[in-house]
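Thanks for sharing this one. Could you open the model alongside this note and follow the points in order?

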Amino acid sequence: MDDVDRRLVGALRRNARMAISDLAAELGVSRATIRSRLERLVASGEILGFTVVLRGDATEMPVRGITLIEIEGKGNERIVSRLRGFPEIQTIHSTNGRWDLIVEFGTETLADLDEALKRLRLIDGIVASETSLYLATQRSSKASASASRSPG
């Protein structure tokens, strides 16, 4: 990916429904360039798909963080399937090392988090977990630079 591709992806991350003409104007390139680059990024598998962000997804939950999970045996798929049913869990990552999964969560209150963790710990096959709360979030300089970069 070159700079135009990165700027195109950045614009789509902000609004995946932008019209090709709007993307072209923002990036200072032709509509044909945008269309061909989008087709190439999708065909190469660099862009896997487009998604919808609901208002509830964008609302910052006051209690956010991660839970590291250790799984006994080979129950990953079953446990991931159960975790997908938790409305508090935003993302699930598999990993290596001591922990098998990392889940990111968001809740309205600490009491809501406590209830979610109680349910999580009852899942058969989860043998250990460790939760850390996010106190503050700093955006990476790469994300900040791309967001503030003017097109063209």
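The points below go from the overall fold to the cores, then to the surface and the charged pairs.

1. Overall layout. Please keep in mind that this is a predicted model. The protein chain has 7 helices and 4 strands, and along the sequence these follow the pattern α-α-α-α-β-α-β-β-α-β-α. Of its 152 residues, 30% count as buried. Taking contacts between residues at least 6 apart in sequence, 64% join residues at least 24 apart. The chain exposes about 10,300 Å², and carbon and sulfur atoms supply 50% of that area.

2. Helix H2. A good place to start looking is H2, which spans residues 20–27 and has Leu 23, Ala 24 and Leu 27 buried. These three lie on the same side of H2, because they cover an arc of only 100 degrees around the axis. What do the buried residues of H2 pack against? Their partners are helix H1 (3–14) and helix H3 (31–43). Just after H2 comes Gly 28, with a positive phi of about 70 degrees.

3. The largest nonpolar core. This core has 13 residues, and those with the most contacts inside it are Leu 8, Leu 12, Leu 23, Leu 27, Ile 34 and Leu 38. Each of H1, H2 and H3 supplies at least two residues of the core. H1 gives the most, with 5 residues. It is worth selecting Leu 12 here: setting aside neighbours within four places in sequence, Leu 12 is in contact with Leu 23, Leu 38, Ile 47 and Phe 50.

4. A second core. There is also a second, separate core of 12 residues, which includes Ile 69, Ile 71, Ile 79 and Ile 123.

5. Leu 117 in helix H6. Leu 117 sits in H6, which runs over residues 110–121. Is Leu 117 buried or exposed? Leu 117 counts as buried, because its relative accessibility is 11%, and the cut-off for buried is under 20%. Not counting residues up to four places away in sequence, Leu 117 touches Thr 67 and Thr 131. From Leu 117 to Ser 129, the C-alpha to C-alpha separation is 9.1 Å, with their positions 12 residues apart in sequence.

6. A nonpolar patch on the surface. Leu 110, Leu 133 and Leu 135 make a nonpolar surface patch of about 350 Å². Leu 133 belongs to strand E4 (residues 126–133). With a relative accessible area of 40%, Leu 133 is partly exposed.

7. Arg 37 and its surroundings. Side chains of opposite charge can pair when their charged atoms come close. The structure holds 8 salt bridges. One of these joins the side chains of Asp 2 and Arg 37, at 2.8 Å from N to O. This pair links distant parts of the chain, since Asp 2 is in the segment before H1 and Arg 37 is in helix H3, 35 residues apart. Asp 2 counts as partly exposed at 33% relative accessibility, whereas Arg 37 is buried, with a relative accessible area of 17%. Apart from residues up to four places away in sequence, Arg 37 touches Asp 2, Val 4, Asp 5 and Leu 8. Which residues are linked in a network of salt bridges? The network takes in Asp 2, Asp 5, Arg 37 and Arg 40.

8. A pair within H1. Asp 3 and Arg 7 also meet in a salt bridge through their side chains (3.7 Å, N to O). Both residues lie in helix H1, 4 residues apart, which is about one turn of the helix. Asp 3 counts as partly exposed, at 35% relative accessibility, while Arg 7 is buried, with a relative accessible area of 15%.

9. A pair between H6 and a loop. Finally, have a look at Arg 119, which forms a salt bridge with Glu 88, the closest N and O atoms being 2.9 Å apart. Here too the pair links distant parts of the chain: Arg 119 is in helix H6, and Glu 88 is in the loop between helix H5 (76–83) and strand E2 (89–94), 31 residues apart. Arg 119 counts as partly exposed at 34% relative accessibility, and Glu 88 counts as buried at 15%.

Methods
Residues are numbered from 1 along each chain as its sequence is written. This is a predicted model: local features need pLDDT of at least 70, side-chain atom pairs count only at pLDDT 80 or more; totals for chains, interfaces and linings use all residues. Side-chain values use heavy atoms; hydrogens and water are left out. Buried means under 20% relative accessible area, exposed over 50%, partly exposed in between (1.4 Å probe, protein chains only). The arc is that of the directions from the helix axis to the C-beta atoms. Contact means heavy atoms within 4.5 Å. A nonpolar core is a set of buried Ala, Val, Leu, Ile, Met, Phe, Trp, Tyr and Cys residues joined through side-chain atoms within 4.5 Å. Patches are made of residues with over 30% relative accessible area and no salt bridge: like charges are joined within 9 Å, nonpolar side chains (Val, Leu, Ile, Met, Phe, Trp, Tyr) within 5 Å. Accessible areas come from the Shrake-Rupley method with a 1.4 Å probe; for residues, only the protein chains shown count as cover. A salt bridge is a side-chain nitrogen of Lys or Arg within 4 Å of a carboxyl oxygen of Asp or Glu.
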